[in-house]
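Got your viewer open? Here is a short walk through the model, one selection at a time.

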Amino acid sequence: MTTEVVHVGPVGSGHAMKLVNNLLNACNRFAALETIRLGVAAGMRQEVVVDVINKSSGRNYATEYTFPQLLSGDAYKPQGFTLQLMLKDIRLANELAEALDHSTPIGNLVQEFTQQAIERFGPTADQSQMMAEWYDA
C-alpha cells in the first residue's frame, strides 16, 4: 500500500482518515471532470485545459494522473477502485460526518453523483474509466 506510515490519532482514526481521503478524491474527480468539460465547451482542447490546470492551483490527482493517462492514446489501465467501492467510502464518510454533527454538503452531492454514475456505468466500473466514458457522452 505505502512505504510511509503516519500515526493519525487514537484507534479508529486510520479508518476515518481513509474515508476523509477517499471523499476528497471523489470530490476532486467530479470537479475535475466538470471543469475540464467546461473548458472544452468553451472551445479549448482537452489536452490544453488539463495542461494549464496542472500548472495552476486547480491540479489534483485526477488532473495530474488520470486525465493524462486517458489522453495519452495508450490503452486505458483501470486503477482498480470500482464505483461501488467509491460509493461505499463516500457513504461511510458522510455517515461519519453526520455522527459527528458535521455538515458535508459537497460530500452528499458527490454521493448522489456517484450513485448516478453507478446507474449509468455499473457498480464494477473503475472510478477513472467513468471519467473517460462520461466525457464522451
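**Salt bridges and a buried aspartate**

Start by selecting Arg 59 and Glu 64: their side chains meet in a salt bridge, 3.9 Å from N to O. That sits just inside the cut-off, since a salt bridge here needs the nitrogen within 4 Å of the carboxyl oxygen. Arg 59 counts as partly exposed, at 44% relative accessibility, and so does Glu 64, at 35%. It is one of 6 salt bridges in the structure.

Before you go on, colour by confidence, as this is a predicted model. The protein averages a pLDDT of 89, and 90% of the residues score at least 70. Helix α4 (residues 83-99) has the highest confidence, with a mean of 97, while helix α6 (residues 129-136) has the lowest, at 63. Where pLDDT is low, don't read the predicted coordinates in detail.

So, over to helix α4. Select Arg 91 and Glu 95, another salt-bridged pair, with the closest N and O atoms 3.1 Å apart. They are 4 residues apart in the helix, which means about one helical turn separates them. Arg 91 is partly exposed, with a relative accessible area of 34%, and Glu 95 is partly exposed too, at 39%.

Next, pick Lys 88 and Asp 89. Their side chains form a salt bridge at 2.8 Å, N to O. Which of the two is buried, and which is partly exposed? Lys 88 is partly exposed at 30% relative accessibility, whereas Asp 89 counts as buried at 1%. Now add Lys 18 to the selection: Lys 18, Lys 88 and Asp 89 are linked in a network of salt bridges.

Keep Asp 89 on screen and bring in Asn 22, which lies in helix α1 (residues 13-41). Asn 22 is buried because its relative accessibility, 14%, falls under the 20% cut-off. Its side chain makes a polar contact with the side chain of Asn 21, at 3.3 Å. Leaving out residues up to four places away in sequence, Asn 22 touches Phe 81 and Asp 89.

Last stop: Phe 81, in the loop between α3 (61-71) and α4. At 21% relative accessibility, Phe 81 counts as partly exposed. Show what surrounds it: beyond its neighbours within four places in sequence, Phe 81 is in contact with Asn 22, Met 86, Asp 89, Ala 125, Asp 126 and Gln 127. To finish, draw a C-alpha to C-alpha distance from Phe 81 to Thr 124: you should get 8.6 Å, for two residues 43 apart in sequence.

Definitions and conventions. Residues numbered from 1 in each chain as written. Predicted model: local features only at pLDDT ≥ 70, side-chain atom pairs only at ≥ 80, totals over all residues. Heavy atoms only, no water. Helix = DSSP H or I, 4+ residues; strand = E, 2+ residues; numbered from the N terminus. Buried < 20%, exposed > 50% of the residue type's maximum accessible area, 1.4 Å probe, protein only. Polar contact = N/O pair within 3.5 Å; in protein donor to acceptor, adjacent residues only side chain to side chain. Contact = heavy atoms within 4.5 Å. pLDDT = per-residue confidence, 0-100.
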